[in-house]
Amino acid sequence: MKNTFQIGILVVCAAAFLMAGLNLSFGGAPAYTDMDDYMLAHGQEETGSNNIVTGVVFDYRGFDTLGEATVLFTVVLGAGLVFRRLGKKEDEYEYE
Amino acid sequence: MNMSSLVRSGGANIMMPFILVYGFYIVVHGHLTPPGGGFQGGAVIATAVVLLMVAYSRAEVRASVSKNVLKNSETLGLLLFIGTALLALTAGLAFFGNWLLDAGTLFGTPVAFGINPPGDINTGGIIPVLNIAVGIEVLGAMGILLLAMLGGMKGDAE
């Protein structure tokens with residue numbers, strides 16, 4: 001009984017994700033291209049970066065990159081918390 | 001010190017400068033070349049720490065890689081990032097405004113416009129500065145994570 005329940009949940013979830021995945025457009029043509037066209041046309045002179053990807057990441061979406069850097073900082077904080085040794089011995093690599 | 005450990009450490013010694021130079025190249029040329037940016041370059045530099053961990057024993061890694069330097073570099077990178085973004089306010093721009101762009105000073109040369117222009121590293125305004133800041137931060141963060149995992153390693157790989 002419990003097994004049937006679990007298998008049912010699995011099938012429903014898989015069907016939902018498959019439906020969502022199959023609805024993606026695989027043709028390579030995005031639905032809306034206004035933003036892409038603008039960045040490709042003006043990105044070089046507006047950001048001063050020949051690499052448009054870097055121009056978008058560090059100039060148009062700099063705030064997003066600040067969030068990424070903060071996430072990395074938080075990851076290190078969390079890892080330091082998890083890997084900290086309470087009963088520290090002399091031989092162990094001392095990590096905070 | 002047996003033979004295989006000699007081969008490992010010798011190979012690591014040969015590879016180390018190339019890895020570091022490649023990582024710093026990716027960081028500094030982030031605004032010019034396609035596979036560029038602070039995140040990728042910092043990760044490449046952090047692989048140098050992995051190489052040290054593979055090639056040397058735990059005591060030697062502990063002696064050569066300073067945990068405090070990595071910790072400080074992470075904090076310094078994040079502060080440099082936010083500070084550069086905040087300095088745009090003094091120039092009358094919005095937060096993250098490109099206050100060094102075309103200013104004629106550091107990274108201030110106007111960019112050569114067009115498809116696939118000749119790359120000049122002295123362009124881009126604050127974008128190279130932000131790239132370098134993120135690179136410093138990522139190498140510190142990755143290095144600290146790797147050192148923390150090294151602390152969980154059992155025994156020495158002699």
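Me: Helices are DSSP runs of H or I, at least four residues long and numbered from the N terminus. In this predicted model, which helix of chain B holds Ser73(B)?
Reply: Beyond four places in sequence, Ser73(B) touches Ile136(B), Glu137(B) and Gly140(B). The residue Ser73(B) itself belongs to chain B, where its place is in helix α4.

Me: Is Ser73(B) buried or exposed?
Reply: The cut-off for a buried residue is under 20% relative accessible area. Ser73(B) has a relative accessibility of 14%, so this residue counts as buried.

Me: How many residues does chain B bring to its contact with chain A?
Reply: The contact draws on both chains, and chain A takes part with 34 residues. The number of residues from chain B is 45.

Me: What area do chain B and chain A bury between them?
Reply: The size of an interface is often given as the accessible area lost when the parts come together. Here, 65% of the buried area lies on carbon and sulfur atoms. The area that chain B and chain A bury between them is about 3,400 Å².

Me: Which helix supplies the largest share of the side of chain B that touches chain A?
Reply: The interface of chain B and chain A buries about 3,400 Å². On the side of chain B that touches chain A, α2 (38-55), α3 (58-64), α4 and α5 (126-151) each supply at least two residues. The largest share there is 13 residues, and it comes from α5(B).

Me: How many salt bridges does the rule find across the interface of chain B and chain A?
Reply: Polar contacts are present between chain B and chain A, the count being seven residue pairs with both residues at pLDDT 80 or more. For salt bridges across this interface, the rule finds zero.

Me: Which residue has a side chain that meets Arg61(A) in a salt bridge?
Reply: Side chains of opposite charge can pair when their charged atoms come close. A search of the whole structure finds one salt bridge over all chains. In chain A, the side chain of Arg61(A) is bridged, at 3.7 Å from N to O, to that of Asp64(A).

Me: What is the relative accessible area of Arg61(A)?
Reply: Its partner Asp64(A) counts as partly exposed because its relative accessibility is 37%. Arg61(A) is also partly exposed, and its relative accessible area is 46%.

Me: What pattern does chain A follow along its sequence?
Reply: Chain A contains four helices and zero strands. Read along the sequence, the pattern is α-α-α-α.

Me: Where does Gly48(A) lie in chain A?
Reply: Gly48(A) counts as buried because its relative accessibility is 2%. Leaving aside residues up to four places away, Gly48(A) touches Gly43(A) of chain A as well as Leu101(B), Val111(B), Thr123(B) and Gly124(B) of chain B. In chain A, Gly48(A) lies in the loop between α2 (34-47) and α3 (52-60).

Me: What distance separates the C-alpha atoms of Gly48(A) and Asp59(A)?
Reply: Gly48(A) lies in the loop that follows α2 and precedes α3 of chain A. Asp59(A) is eleven residues apart from Gly48(A) along the chain. Their C-alpha atoms are separated by 9.5 Å.

Me: Which residues of chain B are in contact with Thr65(A)?
Reply: Thr65(A), in helix α4 (residues 62-83) of chain A, counts as buried because its relative accessibility is 0%. Neighbours within four places in sequence are left aside, and the contacts in chain A are Val57(A) and Phe58(A). The contacts in chain B are Phe39(B) and Phe81(B).

Me: Which residues of chain A does Asn131(B) touch?
Reply: Asn131(B) is placed in helix α5 of chain B, and its relative accessibility of 0% means that it counts as buried. Beyond four places in sequence, its contacts in chain B are Val27(B), Gly30(B), His31(B), Gly37(B) and Gly38(B). In chain A, Asn131(B) touches Thr54(A) and Phe58(A).

Me: What is the area of the nonpolar surface patch that includes Leu86(B)?
Reply: Leu86(B) is found in helix α4 (residues 67-90) of chain B and is partly exposed because its relative accessible area is 42%. Together with Phe63(A), Leu89(B) and Phe95(B), Leu86(B) makes a nonpolar surface patch. The area of this patch is about 390 Å².

Methods
Residues numbered from 1 in each chain as written. Chains lettered and ligands numbered in written order. Predicted model: local features only at pLDDT ≥ 70, side-chain atom pairs only at ≥ 80, totals over all residues. Heavy atoms only, no water. Patch = residues over 30% accessible without salt bridge, like charges linked within 9 Å, V, L, I, M, F, W, Y side chains within 5 Å. Areas by Shrake-Rupley, 256 points an atom, 1.4 Å probe, with all protein chains shown as cover. Salt bridge = Lys/Arg side-chain N within 4 Å of Asp/Glu carboxyl O. Buried < 20%, exposed > 50% of the residue type's maximum accessible area, 1.4 Å probe, protein only. Contact = heavy atoms within 4.5 Å. Buried area = accessible area lost by both parts, 1.4 Å probe. Polar contact = N/O pair within 3.5 Å; in protein donor to acceptor, adjacent residues only side chain to side chain.
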